[in-house]
Amino acid sequence: MTSPEISAWILTPLLIFTARLVDVGLGTVRIIMLARGRKLIASGLGFIEVLIWLVAIRQIFHHLDNVAAFFAYAAGFAAGTAVGMLIEEKLALGLVSIRIITDEDARDLTSKLAAAEFGVTSFAAEGVAGRVRLHFTIVRRKDLRRALEIVRERHPEAFISVSDVRTVSEGFFPETSPRLRFPSFGRKAK
């Protein structure tokens with residue numbers, strides 16, 4: 001049996017911390033799923049998130065005189081945010097668009113990206129400082145690091161911007177690359 005002091009000052013705060021860690025972590029992933037258009041997954045995560053939150057808040061209201069419970073609640077929120085971000089980083093869901101601007105010929109870059117089975121579109125443009133080359137590619141987030149390594153290896157001075165892609169339409173992608181097939185997971189491409 002545990003004594004009331006151990007329960008009040010260790011077990012209850014630990015329960016509250018754990019509940020907040022899990023519910024805020026799920027909340028972070030839920031928001032990412034919403035941004036990616038995964039409504040069903042986001043709804044399920046939201047249901048679980050709120051159930052866990054209710055357990056945590058119930059414990060807080062039962063222990064309003066316990067300062068450790070308040071600190072556990074706040075610490076669980078902070079830790080849950082970090083955990084949610086780590087989970088999202090590991091999942092690496094979705095697609096990103098990479099825009100690369102170089103001020104020199106970049107046929108070597110497009111060749112290297114194509115050899116790595118990344119599609120790339122390249123064209124000449126005019127910038128403030130003169131002629132530039134623009135290169136566009138869409139890759140899975142889990143392949144982002146590898147694609148950026150290729151760009152930095154070939155053109156370390158290139159300007160690079162990356163943004164999330166919510167939807168893609170059917171179009172031309174190299175058929176040999178399984179990483180460039182975009183599964184719909186029950187939703188139609190727009």
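At 15% relative accessibility, Glu88 counts as buried, and in this predicted model the residue takes part in a salt bridge with Arg141, the closest N and O atoms being 2.3 Å apart. The pair links distant parts of the chain, since Glu88 belongs to helix H3 whereas Arg141 sits in the loop between strand E3 (130-140) and H5, 53 residues apart. Arg141, with a relative accessibility of 21%, counts as partly exposed, because the partly exposed class begins where the buried class, under 20%, ends. Side chains of opposite charge can pair when their charged atoms come close.

From this pair one may step back to the whole protein, which contains five helices and four strands. Followed along the sequence, these elements give the pattern α-α-α-β-α-β-β-α-β. The protein has 190 residues, of which 35% count as buried, and its accessible surface amounts to about 12,100 Å², with 64% of that area belonging to carbon and sulfur atoms. When contacts between residues at least 6 apart in sequence are considered, 72% of them join residues at least 24 apart.

The count of salt bridges comes to four, and another of them lies within helix H1. There the side chains of Asp23 and Arg20 meet, with an N to O distance of 2.9 Å; because the two residues are three apart in that helix, they are separated by about one helical turn. Asp23 and Arg20 are both buried. A further salt bridge joins the side chains of Glu153 and Arg154, N to O, at 3.9 Å, and Arg154 is partly exposed, with a relative accessible area of 33%.

Helix H1, which spans residues 4-35, also holds Thr12. Thr12 has a relative accessible area of 6% and is therefore buried, and, residues up to four places away in sequence being left out, Thr12 touches Ser7, Gln59 and His63. His63 is placed in the loop between helix H2 (39-62) and helix H3 (67-91), and with a relative accessible area of 18% this histidine is buried. Apart from neighbours within four places in sequence, His63 is in contact with Thr12 and Ala69.

Further along the chain, the loop between helix H4 (107-115) and strand E2 (121-127) contains Val120, a partly exposed residue with a relative accessible area of 25%. Its contacts, neighbours within four places in sequence being set aside, are Thr110, Leu113, His135, Phe136 and Thr137. Val120 can also be related to Ile138, 18 residues away along the chain, for the C-alpha atoms of the two are separated by 7.8 Å. Glu117 lies in the loop between H4 and E2 and counts as partly exposed at 29% relative accessibility. The backbone of Glu117 deserves a look, as its phi is near 65°, a positive value in a residue other than glycine.

At the surface, Asp103, Glu104, Asp108 and Glu157 form a negative patch. Of these residues, Glu157 can be placed in the loop between helix H5 (144-154) and strand E4 (159-165), where it is exposed, with a relative accessible area of 76%. Glu157 thus contrasts with Glu88, for Glu157 counts as exposed and Glu88 counts as buried.

Conventions: Residues numbered from 1 in each chain as written. Predicted model: local features only at pLDDT ≥ 70, side-chain atom pairs only at ≥ 80, totals over all residues. Heavy atoms only, no water. Buried < 20%, exposed > 50% of the residue type's maximum accessible area, 1.4 Å probe, protein only. Contact = heavy atoms within 4.5 Å. Areas by Shrake-Rupley, 256 points an atom, 1.4 Å probe, with all protein chains shown as cover. Patch = residues over 30% accessible without salt bridge, like charges linked within 9 Å, V, L, I, M, F, W, Y side chains within 5 Å. Lys, Arg positive; Asp, Glu negative; His and termini not counted. Charge placed at Lys NZ, Arg CZ, Asp CG, Glu CD.
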